[in-house]
Every structure is written in structure tokens, then in C-alpha cells.
Amino acid sequence: MPEPPTVLELTGASAPARARHFAAETTDSALASLTAGDDSAAAAQLIGVGEVLDALAQTSFGPTQAELREAAAHFERATRSHIRAEKEEMYALRRAAHQIVHSGSTLGRGQDGAATALVLDIMILTVIAAARWHAARGHAQQAEAALQTAAHLRAAYQATAAIPLAAMRAYGQRLPAQSRRHHAATVRTALPHLAESLRAESGWNALTAVLDQAERAGHDTTALLAEATAQRELDSADSISEVLVWRLQHLGYVTQPASAPSSRRPRTEPAPAVPAGSGVDHQEANRLRRR
């Protein structure tokens with residue numbers, strides 16, 4: 001059996017990785033607020049998302065940092081509105097930003113890189129939702145700034161995700177044939193309508209790797225995979241397997257295995273799919289998403 005890379009470890013996460021997982025949860029909550037119809041809460045969440053982006057830019061290096069700085073600069077313009085923000089709504093995001101800064105910088109390797117890719121993945125969805133939110137209220141300049149933010153986040157994601165995804169693919173490819181067949185059967189059971197298309201994607205081996213590690217950690221991978229699929233829509237994904245890799249990574253981090261005596265750790269509820277909003281071209285928004 002091949003030795004799993006650090007990126008696949010579900011326990012013993014570093015402080016930067018823990019901070020980014022918390023940021024992923026709070027950003028997911030912000031995404032829900034942007035679709036819930038409470039304008040004052042949504043305006044506050046936009047400010048909080050901007051603070052998380054600033055924190056990620058401060059603690060990254062190289063191409064990722066350059067793109068995140070550009071993203072943060074564009075998104076600052078997207079946080080401006082005449083809608084009064086309820087400050088308590090941004091508390092969790094502000095706390096997440098504080099944790100990212102105080103956990104220290106990351107070079108994007110191992111768990112740190114995977115956790116950064118995870119939060120960037122959710123950030124892309126959130127800023128596109130912000131663009132639609134602004135467009136629906138006639139805030140054309142802010143909507144455009146949010147879409148520009150998404151483009152830079154997509155580039156930052158690609159720079160960050162390449163190394164952890166390569167490590168996961170390599171591990172998945174080295175698994176014994178029997179293990180690979182077993183995980184393929186799990187996917188067929190949990191996602192019969194997606195199984196064949198998933199196996200044809202370049203992210204299949206990475207998905208196999210995450211399923212293997214989650215099972216070794218004691219998770220019911222069929223249930224975990226079904227939960228990951230149900231979190232948000234997948235129709236607009238370029239790589240469904242890659243989407244599921246990050247969702248499984250996060251679920252494996254924030255939940256206890258079914259065999260463990262302790263209960264699930266608290267986490268935010270999954271956000272609903274981002275609805276189309278007037279004024280922002282849906283195809284353009286999907287193009288700016290990484291998947």
C-alpha cells in the first residue's frame with residue numbers, strides 16, 4: 001500500500017490549515033446570506049468576506065499572493081453599498097480573518113495548500129454570488145468588481161491547487177487494483193447517475209485517493225460522498241470530481257467517523273446553490289468559476 005501524502009491526512013492539521021477550514025465554514029455561511037434576502041446581513045457578510053480575502057493575501061506567497069492581492073483590491077470596491085450593514089453578521093468572518101493572520105504564513109504545501117485551495121474554491125462561488133446580489137440591486141460597478149475578483153481568485157486557486165491535486169492523483173494511481181475497484185463501487189452506489197462521467201475525468205484518481213484516506217480514517221464513504229454531492233449544485237462544474245475532492249476533504253476534517261463515539265463537530269449548514277441574478281450574465285459567471 002503506498003504511503004499517503006501529507007495532503008491527505010485528516011488529523012493533526014497545522015494552525016494555518018485549521019484557520020482556513022474555519023474560514024471555509026464561515027464563507028459558506030456568507031454564501032447562504034447572499035441568497036437569503038436579508039440585505040443588511042448580506043452587506044455585512046460582503047465586508048467580512050473582504051477581510052478574509054485580505055488575510056489570505058497577507059499569509060500567502062508567490063503567484064497565489066499576487067492574485068489574492070488583486071482579488072482583495074477589486075473586492076474592496078464590491079463591498080461598497082448604501083445598504084446599512086448589521087455588524088454582528090460579519091463577526092464570524094472577522095474572527096476567521098484574525099485566525100488566518102495569527103496562524104502564520106503558508107507556502108501552500110501539504111495540508112496548508114489543500115486547505116487554501118478549499119477556501120478559495122468557496123470564495124469563488126461567494127464572490128460570484130456577490131456579483132449577482134449587487135446586479136439585482138442595480139449596483140453595476142460593484143457587480144463588475146466582484147466578477148473581476150472571481151477571475152483573480154480562479155488564478156489563485158489554480159496556482160494553489162496544482163501541488164495538492166498532483167499528490168492526491170499520484171496516490172490514487174498507486175493504490176492496488178482491488179482498492180481502486182472498491183472505491184469505484186462506492187461511487188456507483190452513492191452516485192449512480194455520475195459514476196461513469198466521474199471516472200472519465202482527470203480528477204478521478206484524486207477523488208479515489210480522498211475516498212481511500214477517508215475510509216481509513218473510519219468514515220462511511222458512501223454516506224460522506226452523498227453528503228458532499230448534496231451540498232450544492234454540480235451542473236456548472238467543469239470537473240465534478242475536483243469539486244468533490246475539496247468537499248470530501250472538508251467534510252472529513254469537520255466530522256467524526258461514524259465508528260467514533262463522539263458526535264459530529266459543529267459546522268455551518270451547507271449553502272444553497274447560487275441563484276441566477278439579473279444583470280450578470282450566467283455564462284460569464286460560470287466561466288469565471290474554476291469548475
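Colleague: At 14% relative accessibility, does N205 count as buried or exposed?

Modeller: N205 counts as buried, because its 14% falls under the 20% cut-off for that class. Keep in mind that this is a predicted model.

Colleague: Where is N205 found?

Modeller: N205 is found in helix 9, which covers residues 204-216.

Colleague: With which residues is N205 in contact, leaving aside its neighbours within four places in sequence?

Modeller: The list for N205 is M168, R169, G172, Q173 and R180. With R180 there is also a polar contact: the two side chains are joined at 2.9 Å. For a C-alpha distance, take N205 and V245, which are 40 residues apart in sequence and 10.0 Å apart in space.

Colleague: How is the packing of two helices read, and at what angle do helix 6 and helix 9 pack?

Modeller: Two packed helices are described by two values, the angle between their axes and the distance between the axes. For helix 6 and helix 9 the angle is about 75° and the axes are 7 Å apart. An angle from 65 to 115 degrees counts as roughly perpendicular, and helix 6 and helix 9 are therefore roughly perpendicular to each other. Helix 6 makes the contact with L165, M168, R169, Y171, G172 and Q173, while helix 9 makes it with N205, A206, A209, V210, D212, Q213 and R216.

Colleague: How many aromatic pairs does a search of the whole structure find?

Modeller: The search finds 1 aromatic pair. The partners are Y157 and W246, with ring centres 6.4 Å apart and planes at 90°, so the pair is edge-to-face. Distant parts of the chain are linked by this pair: Y157 sits in helix 6 (residues 140-174) and W246 in helix 11 (residues 240-254), 89 residues apart.

Colleague: Are Y157 and W246 buried or exposed?

Modeller: Both Y157 and W246 are buried.

Colleague: Two histidines next. Which class does H182 fall into at 37% relative accessibility?

Modeller: H182 counts as partly exposed, because 37% lies between the 20% and 50% cut-offs. H182 is found in helix 7 (residues 177-190). From H182 to D212 the sequence separation is 30 residues and the C-alpha distance is 9.3 Å.

Colleague: And where does H139 lie?

Modeller: H139 lies in the loop between helix 5 (110-136) and helix 6. Its relative accessible area is 16%, so H139 is buried. H139 and S81 have their C-alpha atoms 7.8 Å apart in space, with their positions 58 residues apart in sequence.

Colleague: F61 is also in a loop; which helices does that loop lie between?

Modeller: The loop with F61 is between helix 2 and helix 3 (62-78). F61 counts as partly exposed, since its relative accessibility is 45%. Beyond neighbours within four places in sequence, F61 is in contact with S105, T106 and L107. In C-alpha terms, F61 and L107 are 6.2 Å apart in space, and they are 46 residues apart in sequence.

Colleague: Which backbone oxygen does the side chain of S103 reach?

Modeller: The side chain of S103 reaches the backbone oxygen of I100, at 2.9 Å. S103 is found in helix 4 (residues 91-103). Setting aside neighbours within four places, S103 is in contact with A15, P16, A19 and R20.

Colleague: How is helix length checked, and what span should the 20 residues of helix 1 have?

Modeller: At 1.5 Å a residue, helix 1 (residues 15-34) should span 28 Å, and its end C-alpha atoms are 29 Å apart, which agrees. Helix 2 (residues 39-58) also has 20 residues; it reaches 29 Å from its first C-alpha to its last, close to the expected 28 Å.

Colleague: How many residues of helix 1 are buried?

Modeller: Of the 20 residues of helix 1, 16 are buried, so the helix is largely enclosed by the rest of the structure. Helix 2 is mostly covered, with 15 of its 20 residues buried.

Colleague: For the chain as a whole, how many helices and strands are there?

Modeller: There are 12 helices and 0 strands. Among the 291 residues, 55% count as buried. Taking contacts between residues at least 6 apart in sequence, 83% join residues at least 24 apart.

Technical notes
Residues are numbered from 1 along each chain as its sequence is written. This is a predicted model: local features need pLDDT of at least 70, side-chain atom pairs count only at pLDDT 80 or more; totals for chains, interfaces and linings use all residues. Side-chain values use heavy atoms; hydrogens and water are left out. Rings of Phe, Tyr and Trp (its six-membered ring) pair if their centres lie within 6.5 Å; planes under 30 degrees apart count as stacked, over 60 as edge-to-face and the rest as tilted. Helices (H or I, at least four residues) and strands (E, at least two) are DSSP runs, numbered from the N terminus. Buried means under 20% relative accessible area, exposed over 50%, partly exposed in between (1.4 Å probe, protein chains only). Contact means heavy atoms within 4.5 Å. A polar contact is a pair of N or O atoms within 3.5 Å; within protein, one must be able to donate a hydrogen and the other to accept it, and residues adjacent in sequence count only if both atoms are side-chain atoms. The expected span of a helix is 1.5 Å times one less than its number of residues. Axes are lines fitted to C-alpha atoms, for helices over the stretch in contact, and angles run from 0 to 180 degrees between N-to-C directions. Angles under 35 degrees count as roughly parallel, over 145 as roughly antiparallel, 65 to 115 as roughly perpendicular and the rest as oblique.
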